[in-house]
Amino acid sequence: MSLGTAEEESGSEIHIPAEIDWHMLDKSKFFFLGAALFSGVSCALYPMVVLKTRQQVSSSRFSCLNISCAILRHEGFRGFYKGFPTSLMGTIPARALYMASLEFTKTNVGTAFVQFGFSETSAVAAANAAAGVTSAMAAQLVWTPIDVVSQRLMVQGSGGSKTVLANLNSENYRNGFDAFRKILCADGARGFYRGFGISILTYAPSNAVWWTSYSMVHRLIWGAFGSYLGNNNLGGGFRPDSKAMVAVQGLSAVMASGVSAIVTMPLDTIKTRLQVLDLEENGRRRPLTFVQTVRNLVKEGGLVACYRGLGPRWASMSMSATTMITTYEFLKRMSTKSQEDFTSS
């Protein structure tokens with residue numbers, strides 16, 4: 001495929017591999033390889049998620065370094081992987097739902113917009129925004145219960161420290177199954193969907209912003225590069241190698257992650273507190289409400305308190321997104337049907 005207008009106006013075309021649509025994928029290979037690849041990504045980035053979660057439930061500002069040292073001193077290296085087996089169990093089905101919804105929506109919405117007469121740029125932006133929303137909503141059906149359990153395990157053992165809130169859930173969990181059983185007994189099935197609404201409000205716009213920003217930045221970078229080639233009479237049809245493709249994908253992912261993290265950070269902090277913290281009244285503990293959570297954050301520092309954990313979240317999102325998008329594009333090319341299969345289908 002040749003990238004749009006900027007390159008053509010400058011007299012230089014950049015030829016990148018064609019977009020792989022949903023109907024071109026071998027679904028069984030796509031999901032099997034995806035589960036393996038993204039499980040590895042989750043393992044590598046999980047410590048950043050633990051740091052972000054502990055910062056978000058902290059009553060004061062503590063740096064990542066302070067929290068990391070505290071974890072190593074009191075819990076050892078295993079403290080960075082509290083709740084990981086539970087999280088991994090949810091990652092596989094959640095990722096499958098996410099990828100299926102993402103690709104299906106991108107293909108169909110993009111095609112529909114082009115048929116309605118919209119430009120390719122507008123169609124791509126709309127398709128990515130719609131795909132980000134639907135994929136996030138589908139994944140949260142599985143991910144929210146896993147999030148509730150794994151986050152309880154992440155912050156367990158830090159309740160005695162001055163770095164966390166006094167109303168941290170004080171239940172002791174041996175493992176993910178024990179946490180599942182105790183949450184079910186205490187709160188019923190609804191307990192697994194604490195913060196579900198705010199999760200949708202966080203991740204749906206976050207994904208929409210991320211995928212739209214990513215597609216726009218990706219095109220802008222190649223467009224600027226095409227203009228540079230044209231202005232320096234280096235045209236003639238440039239075909240980037242795999243290293244150049246990965247570099248542009250990575251840079252686009254980091255920039256998109258920054259935009260998405262800044263826009264949705266307050267909602268993510270509220271979501272985390274709703275899922276982890278309780279309110280004690282007359283000797284009984286019950287979940288905090290949205291209004292109570294916001295009121296507590298205002299008392300602790302207002303908007304600044306909502307952005308605790310921004311550093312780890314941005315770093316985690318950037319590393320996750322860079323790894324995800326390069327892995328994802330690699331996965332799609334690995335899962336493409338052969339020409340014979342594609343023709344027969």
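Okay, let me start with a pocket: helix 4, helix 5 (120–155) and helix 6 each give at least two residues to the lining of the second largest pocket. Before I go on, please keep in mind that this is a predicted model.

So, how much space lies in that second largest pocket? About 330 Å³. The lining comes to 18 residues, and the ones closest to the centre of the pocket are Thr86, Leu153, Asn175, Gly176 and Phe177. If you sort the lining by class, you get eleven nonpolar residues, five polar ones and two charged ones.

Let me step back to the whole chain for a moment. There are 345 residues, and 48% of them count as buried. The protein chain has twelve helices and two strands. If you read along the sequence, the pattern goes α-α-α-α-α-α-α-α-β-β-α-α-α-α, with the two strands written one after the other.

One stretch comes with a label from a record. An unreviewed UniProt entry annotates residues 30–51 as "transmembrane region". In the model, that span is 100% helix and 0% strand, and its end C-alpha atoms lie 31 Å apart.

Now, salt bridges. The general idea is that side chains of opposite charge can pair when their charged atoms come close. How many salt bridges does the count come to here? Eleven. I'll walk you through a few.

Let's go back to helix 6, which spans residues 176–187. Arg181 forms a salt bridge with Asp178, and their closest N and O atoms are 2.9 Å apart. These two residues are three apart in helix 6, so they are separated by about one helical turn. Asp178 has another partner too: Lys182, with the closest N and O atoms 3.2 Å apart. Asp178 and Lys182 are four residues apart in helix 6, which is about one turn again. Put the shared partners together, and salt bridges join Arg174, Asp178, Arg181 and Lys182 into one network.

Is Asp178, the residue with those two partners, buried or exposed? Asp178 is buried, at a relative accessible area of 3%. Its partners come out differently in class: Arg181 is partly exposed at 43%, and Lys182 is partly exposed at 21%. Since the cut-off for buried is under 20%, Lys182 falls in the partly exposed class.

Next, a pair from another part of the chain. Glu75 and Arg54 meet through their side chains in a salt bridge, at 2.8 Å from N to O. What does this pair link? Distant parts of the chain: Glu75 sits in the loop between helix 3 (64–74) and helix 4 (84–115), while Arg54 belongs to helix 2 (residues 27–56), and the two are 21 residues apart. As for accessibility, Glu75 counts as partly exposed at 22%, whereas Arg54 is buried at 6%.

Last topic, cysteines. A disulfide, in general, is a covalent bond between the sulfur atoms of two cysteines. How many does a search of the whole structure find? Zero disulfides. Two cysteines are worth pointing at on the screen anyway. Cys185 is exposed, with 62% relative accessibility, and Cys306 is buried, at 11%.

To recap: we have a pocket of about 330 Å³, a salt-bridge network that includes Asp178, a link between Glu75 and Arg54, and zero disulfides. That's it from me, thanks!

Terms used:
Residues are numbered from 1 along each chain as its sequence is written. This is a predicted model: local features need pLDDT of at least 70, side-chain atom pairs count only at pLDDT 80 or more; totals for chains, interfaces and linings use all residues. Side-chain values use heavy atoms; hydrogens and water are left out. A disulfide is a pair of cysteine sulfur atoms within 2.5 Å. Buried means under 20% relative accessible area, exposed over 50%, partly exposed in between (1.4 Å probe, protein chains only). A salt bridge is a side-chain nitrogen of Lys or Arg within 4 Å of a carboxyl oxygen of Asp or Glu. On a 1 Å grid over the protein atoms alone, a cavity is a set of points where a 1.4 Å probe fits but cannot get out, and a pocket is an open set with protein on both sides within 12 Å along at least five of seven lines; lining residues have an atom within 4 Å of a point. Grid points are joined across faces, edges and corners, and a volume is the space filled by probe spheres set on the points. Ala, Val, Leu, Ile, Met, Phe, Trp, Tyr, Cys and Pro count as nonpolar, Asp, Glu, Lys and Arg as charged, and the others, Gly among them, as polar. UniProt positions are given in the numbering used here, feature names are shortened, and annotations may be inferred rather than shown by experiment.
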